[in-house]
Amino acid sequence: MRSCSATMLTSLAVSLSLALPAAAAPDGVAYHLYRPTLRPAPAVSPPAAPTMLYYAGPVIASVKVAIVVWGASVPKTTTSRIAPFFRAIVNSTYVDQLTQYSTHITGVNGRPGTDQTITRGSFRGKFRITPSNSSTTLSDGDIRTELKAQIAAGALPPADLDTLYMIYFPPGITITIGKLQSCTSFGAYHEAISPTVTPANVFYGVMPDCGGGFSSVTSVSSHEFAEAITDAI
């Protein structure tokens, strides 16, 4: 949603890795992906007076996190620790830093801002689902279909424009978005079911298990959490 005249600014820095903003896929579509780097990034001097550009997109004003556990095989380390992690982070100074992305201004494209203020959020709970799709290769479309079905069935809390469904997958499941593949092209991503601001929209984050342990899970989760809040669509 925002960029710097010299460099693209991500929502927040992620420790021990370089987190990239929206990346162009081979099919020409831009996705908000998390890609850890295997070597240190070269030092870059920031511009003297960076300019943030706002294009009138929405944010998640007071996030309500719902953890979605995909089936029975997500590692216990993740399922037992991820809820306390999110209970803490939604009501923390980590969120306070995102207030700078509030949208009480007109976009540089002339469109009115969404007039939202980012504040601390809340935790809606952890929910284990039994997905109807048992495939070990899932597309982003498959995940959207399952997410909407589980919400409609009452297995997940209802969607609204503050709810963010953070979905955790077991090892052995490959996820594709466009022509990109989990754990090779990306480590995680966030998306919205609709490209427009509508009450029926659903915001979600996809966290495949790439075998990095719980410290990797929290690094990926905190990054997607911050990006989803500040650039919801």
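**Notebook: aromatic pairs and a pocket**

I looked up the aromatic contacts and found that Phe 85, Phe 86, Tyr 94 and Phe 225 form one aromatic cluster. The model is predicted, with pLDDT of at least 70 needed for local features and 80 or more for side-chain atom pairs, while totals for chains, interfaces and linings use all residues. Residues are numbered from 1 along each chain as its sequence is written, and side-chain values use heavy atoms, without hydrogens and water.

I paired rings of Phe, Tyr and Trp (its six-membered ring) if their centres lie within 6.5 Å, calling planes under 30 degrees apart stacked, over 60 edge-to-face and the rest tilted. The count came to five aromatic pairs. For Trp 70 and Phe 169, the ring centres are 4.8 Å apart and the planes at 35°, so I entered the pair as tilted.

I then checked burial (buried is under 20% relative accessible area, exposed over 50%, partly exposed in between; 1.4 Å probe, protein chains only). Trp 70 is buried at 4%, and Phe 169 is buried at 1%.

Phe 85 and Phe 86 pair edge-to-face, at 5.3 Å centre to centre and 75° between the planes. Phe 86 is buried, with a relative accessible area of 0%.

Last, I looked at the second largest pocket (an open set of points on a 1 Å grid over the protein atoms alone, where a 1.4 Å probe fits, with protein on both sides within 12 Å along at least five of seven lines; lining residues have an atom within 4 Å of a point). Its volume, the space filled by probe spheres set on the points, is about 250 Å³. Of its 13 lining residues, Tyr 55, Ala 56, Gly 57, Pro 58 and Ile 233 are the closest to its centre.
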